[in-house]
Amino acid sequence: MIKPHQHKDCVDSALLHAQQICTQKNLKLTPIRTKVLELIWQSHKPTKAYDLLAQLSNHNHLEKPPTVYRALEFLLKHRFIHRIESCNAYIGCEYSDEHHDSQFFICNQCEQVKEVRASKLNQILLETSNKEGFTPNMTHVEIHGTCAQCAKKP
Ligand SMILES: [Zn+2]
Ligand SMILES: [Zn+2]
Ligand SMILES: [Zn+2]
């Protein structure tokens, strides 16, 4: 559930985390990667690549799409962001320091996404995969519905 909160804190801590992890892992958080991450963290709603491009073009210079897509690839690879397949858009990762497989609760009304970890669910999926002789390399579950805030609205 996304409670009313100071969203600036989310953005600040996400950017700080990303910087720390990049320093630890010797990765380069270039200005464009930082900018893309910051734009994705503007809210808890998924951001489409198209909107990122439009917003980046509003700044002093026009970013070329391949540059932006490469930044997205980098951020995805290192799990600073996730791609929400059912929305064809990106969301900032809330657990980038210690990442496990996550589930995403997507509110159909306010469009906000909450990343959660149901470890039991992952265990069941792993057991089922074993039974099937299937080797999963990514477990990504998207659950659509109504968030607690929207459920309260008359
Ligand atoms: Zn927030
Ligand atoms: Zn995550
Ligand atoms: Zn909602």
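**Exercise 1. Work out the geometry at the zinc ion (ligand 1) from its donor atoms.**

Solution.
- Step 1: take the angles. In this predicted model, the 4 donor atoms of the zinc ion (ligand 1) make angles of 100 to 120°.
- Step 2: apply the cut-off. Four donors count as tetrahedral if all angles lie between 85 and 135 degrees.
- Step 3: conclude. The site of the zinc ion (ligand 1) is tetrahedral.
- Step 4: compare with the ideal. For four tetrahedral donors, the ideal angle at a metal is 109.5 degrees.

**Exercise 2. Name the protein donors of the zinc ion (ligand 1) and trace them along the chain.**

Solution.
- Step 1: list the atoms. The donors are His5 (NE2), His7 (ND1), Cys10 (SG) and His44 (NE2). They lie 1.9 to 2.3 Å from the zinc ion (ligand 1).
- Step 2: write the spacing. Along the chain the pattern reads H-x1-H-x2-C-x33-H.
- Step 3: place the two ends. His5 sits in the segment before helix H1 (7-25). His44 sits in the loop between helix H2 (31-40) and helix H3 (49-57). The two are 39 residues apart, and the pair links distant parts of the chain.

**Exercise 3. Decide whether His5 and His44 are buried, partly exposed or exposed.**

Solution.
- Step 1: recall the cut-offs. Buried means under 20% relative accessible area, and exposed means over 50%.
- Step 2: take His5. Its relative accessible area is 39%, so His5 is partly exposed.
- Step 3: take His44. Its relative accessible area is 9%, so His44 is buried.

**Exercise 4. Describe the site of the zinc ion (ligand 3): donors, geometry and spacing.**

Solution.
- Step 1: find the donors. Cys107 (SG), Cys110 (SG), Cys147 (SG) and Cys150 (SG) coordinate the zinc ion (ligand 3). The distances run from 2.3 to 2.4 Å.
- Step 2: check the angles. They span 105 to 115° among the 4 donor atoms, and the site is tetrahedral.
- Step 3: write the spacing. The donors follow C-x2-C-x36-C-x2-C.
- Step 4: locate one pair. Cys107 belongs to strand S3 (residues 102-107). Cys147 lies in the loop between strand S5 (140-145) and helix H6 (148-152). This pair, 40 residues apart, links distant parts of the chain.
- Step 5: judge burial. Both Cys107 and Cys147 are buried. Cys107 counts as buried because its relative accessibility is 2%.

**Exercise 5. Find how many disulfides the structure holds, then test Cys22.**

Solution.
- Step 1: recall the bond. A disulfide is a covalent bond between the sulfur atoms of two cysteines.
- Step 2: search. The whole structure yields 0 disulfides.
- Step 3: test Cys22. The nearest cysteine sulfur is that of Cys93, 13 Å away. The cut-off for a disulfide is 2.5 Å. Cys22 is in no disulfide.
- Step 4: add its setting. Cys22 has 3% relative accessibility, so Cys22 counts as buried.

**Exercise 6. Characterise the largest pocket by volume, lining and residue classes.**

Solution.
- Step 1: give the volume. The largest pocket has about 250 Å³.
- Step 2: count the lining. There are 15 lining residues. Nearest the centre lie Arg79, His82, Arg83, Met138 and His140.
- Step 3: assign elements. Helix H4 (65-77), strand S1 (81-84) and S3 each give two or more residues to the lining. S1 gives the most, with 3 residues.
- Step 4: sort by class. The lining divides into 4 nonpolar, 6 polar and 5 charged residues.

**Exercise 7. Examine the positive phi values of Asn26 and Glu111.**

Solution.
- Step 1: take Asn26. Its phi is near 60°, a positive value in a residue other than glycine. Asn26 is in the loop between H1 and H2. With a relative accessible area of 71%, Asn26 is exposed.
- Step 2: take Glu111. Its phi is near 70°, also positive in a residue other than glycine. Glu111 is in the loop between S3 and strand S4 (113-116). With a relative accessible area of 46%, Glu111 is partly exposed.

**Exercise 8. Set separation along the chain beside separation in space for Phe74 with Leu27 and for Leu56 with Arg117.**

Solution.
- Step 1: take Phe74, in helix H4. Phe74 and Leu27 are 47 residues apart along the chain. Their C-alpha atoms are separated by 9.7 Å. Phe74 is buried, at 9% relative accessible area.
- Step 2: take Leu56, in helix H3. Leu56 and Arg117 are 61 residues apart in sequence. From C-alpha to C-alpha they are 32 Å apart. Leu56 counts as buried, at 3% relative accessibility.

Technical notes. Residues numbered from 1 in each chain as written. Chains lettered and ligands numbered in written order. Predicted model: local features only at pLDDT ≥ 70, side-chain atom pairs only at ≥ 80, totals over all residues. Heavy atoms only, no water. Donors = N, O, S within 2.8 Å, 3.2 Å for Na, K, Ca; no water. Tetrahedral: all angles 85-135°; square planar, octahedral: opposite > 155°, others 65-115°. Helix = DSSP H or I, 4+ residues; strand = E, 2+ residues; numbered from the N terminus. Buried < 20%, exposed > 50% of the residue type's maximum accessible area, 1.4 Å probe, protein only. 1 Å grid on protein atoms, 1.4 Å probe; cavity = no way out; pocket = protein on both sides within 12 Å on 5 of 7 lines; lining within 4 Å. Points joined across faces, edges and corners; volume = space filled by probe spheres on them. Nonpolar A, V, L, I, M, F, W, Y, C, P; charged D, E, K, R; others polar.
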